[in-house]
Amino acid sequence: MPDILTRVRRLREICGFPQEVVADKLGITQAAYSRLENGRTRLDLDRLDQIAKLYGLSQQDMIKRPSAELMKLLIDNPDLKDIWGGVTGDTVMA
């Protein structure tokens, strides 16, 4: 699943979030999130669903859509600030 892991990392980076912020939203430690992003921990469908929802996407979006399309969906999502509860990053959330 290297492509999906790249997408997970890129979504976080595009939003300007450090791993700690995403890990906190998922209820895991930064170290656990780092292992997930780097493929040292298996990304199961439940966790993928949780991550997708953080960005206002579906599991199917994450799996099937090209990365460029994911970025457009992310940027065009008016509810993203609500999903993150006011937490802001450098790019999309600013």
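This is a short dialogue on reading salt bridges in a predicted model.

Q: How many salt bridges are there here, and what rule decides that?

A: The general idea is a distance test: a side-chain nitrogen of Lys or Arg must lie within 4 Å of a carboxyl oxygen of Asp or Glu. By this rule, the count for this model is seven.

Q: Let's take one. Which residue pairs with R7, and where do the two sit?

A: R7 pairs with D3, and their closest N and O atoms are 3.1 Å apart. Both belong to helix α1, which covers residues 2–15, and a spacing of four residues puts them about one turn of the helix apart.

Q: Is R7 buried or exposed, and why?

A: Here a cut-off helps: buried means under 20% relative accessible area. R7 has 8% relative accessibility, so R7 counts as buried. Its partner D3, at 45%, counts as partly exposed.

Q: Which residue does E13 bridge to?

A: E13 bridges to R9, with 3.3 Å between the closest N and O atoms. These two also lie in helix α1, four residues apart, again about one turn. Both partners are partly exposed: E13 at 34% and R9 at 31%.

Q: What about R65: what is its partner, and how far apart are the closest N and O atoms?

A: The partner is D61, and the closest N and O atoms are 2.7 Å apart. R65 is partly exposed at 31%, whereas D61 counts as buried at 15%.

Q: Which residues are joined into one network by salt bridges that share partners?

A: Those are R9, R10 and E13.

Technical notes:
Residues are numbered from 1 along each chain as its sequence is written. This is a predicted model: local features need pLDDT of at least 70, side-chain atom pairs count only at pLDDT 80 or more; totals for chains, interfaces and linings use all residues. Side-chain values use heavy atoms; hydrogens and water are left out. Buried means under 20% relative accessible area, exposed over 50%, partly exposed in between (1.4 Å probe, protein chains only).
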